[in-house]
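Trainee: I am new to this structure and would like a close look at one part of it, the aromatic rings. Could you walk me through that part and then show me what surrounds it?

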Amino acid sequence: MGYKIGVIGDKNSILPFKLFGFEVHHAISEMQVREAIETMAKNKFGVIFITEEASTLAEETIERYKEQVTPAIILIPSHNGTIGIGLSEIEKMLKKQLDKIFYNAKENERANWKNCQSFRSFDFS
């Protein structure tokens, strides 16, 4: 069985996602948002979309899941528009991943350079 996709937030923002077959959880209080995230995480949701406003009510809970592969928690604007949190989070994640890529590339470059140096020290006579 594959992973499910869920959406958490205010009713006006999340109802359209039902059209795509996503499971929606209406949550407007801190406790409702946290419980919805925890329930979805336990029930094998691969992706959880959460409105930016709702995400401000459960920052610690969301933070716990950031380093895990699933569920991926993605912040989305509400029907009122964005407040910039989602874009900021994407920028942070992208920077972190790019830093890892460049670090690994530099490590590989160093390893290749060492291999070249040891090859040059061979005596072919």
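Mentor: Happy to; we will begin with the whole chain, look closely at the aromatic rings, and then move to the cores, the pocket and a few single residues. Please keep in mind that this is a predicted model.

Let us get our bearings. The protein has four strands and five helices, and along the sequence they follow the pattern β-α-β-α-β-α-α-β-α. Of its 125 residues, 26% are buried. The accessible surface comes to about 9000 Å², and carbon and sulfur atoms account for 59% of that. Among contacts with a separation of 6 or more, 63% are between residues 24 or more positions apart.

Now for the part you asked about. The count of aromatic pairs comes to four. Take Phe17 and Phe49: their ring centres are 6.3 Å apart and their planes meet at 20°; planes under 30 degrees apart count as stacked, so this pair is stacked. The two rings come from distant parts of the chain. Phe17 sits in the loop between helix H1 (11-14) and strand E2 (23-26), while Phe49 belongs to strand E3 (residues 45-51), and 32 residues separate them.

How covered are these two residues? Buried means under 20% relative accessible area. Phe49, at 19%, therefore counts as buried. Phe17 has a relative accessible area of 21%, so it is partly exposed.

Phe49 has a further stacked partner in Phe22, with 6.2 Å from centre to centre and 20° between the planes. Because Phe22 lies in the loop between H1 and E2 and Phe49 lies in strand E3, this pair ties together parts that are 27 residues apart in sequence. If you want to find the whole group in the structure, look for Phe17, Phe20, Phe22 and Phe49, which ring pairs link into a cluster.

The loop that carries Phe17 also holds Lys18. With a relative accessible area of 54%, Lys18 is exposed. Its C-alpha atom is 9.0 Å from that of Val7, and the two residues are 11 apart along the chain.

From the rings we can step to the nonpolar cores. In soluble globular proteins, nonpolar side chains tend to be buried together. The largest nonpolar core here has 15 residues, and those with the most contacts inside it are Ile8, Val33, Ile37, Ile48, Ile50, Ile62 and Ile73. Helix H2 (30-42), E3, helix H4 (59-65) and strand E4 (72-76) each give two or more residues to this core. H2 gives the most, with four. For a view from one member, choose Ile73: leaving aside residues up to four places away in sequence, Ile73 touches Ile37, Ile48, Ile50, Ile62 and Tyr65. Another core, of five residues, lies apart from the largest one and brings us back to the rings, as its residues include Phe49 along with Val7, Val24 and Ile76.

Two names from the largest core turn up again at the largest pocket. That pocket has a volume of about 710 Å³. Its lining consists of 24 residues, with Ile62, Lys66, Ile73, Glu89 and Met93 nearest its centre. H4, E4 and helix H5 (85-120) each supply at least two lining residues, and H5 gives the most, with nine.

Helix H4 is also the place to find Thr61. At 3% relative accessibility, Thr61 counts as buried. Again not counting residues up to four places away in sequence, Thr61 touches Arg34, Ile37 and Glu38.

One last stop is Asp10, in the loop between strand E1 (4-9) and H1. Asp10 has 19% relative accessibility and so counts as buried. On the same basis of leaving out residues up to four places away, Asp10 touches His26, Ala27, Ile28, Thr51, Ser78 and His79. For Asp10 and His26, the distance from C-alpha to C-alpha is 5.5 Å, although they are 16 residues apart in sequence.

To return to your request, the residue to keep in view is Phe49: this buried residue is stacked with Phe17 and with Phe22, and is also among the residues of the five-residue core.

Note on methods:
Residues numbered from 1 in each chain as written. Predicted model: local features only at pLDDT ≥ 70, side-chain atom pairs only at ≥ 80, totals over all residues. Heavy atoms only, no water. Phe/Tyr/Trp six-rings, centres within 6.5 Å; stacked < 30°, edge-to-face > 60°. Buried < 20%, exposed > 50% of the residue type's maximum accessible area, 1.4 Å probe, protein only. Contact = heavy atoms within 4.5 Å. Areas by Shrake-Rupley, 256 points an atom, 1.4 Å probe, with all protein chains shown as cover. Core = buried A, V, L, I, M, F, W, Y, C linked by side-chain atoms within 4.5 Å. 1 Å grid on protein atoms, 1.4 Å probe; cavity = no way out; pocket = protein on both sides within 12 Å on 5 of 7 lines; lining within 4 Å. Points joined across faces, edges and corners; volume = space filled by probe spheres on them.
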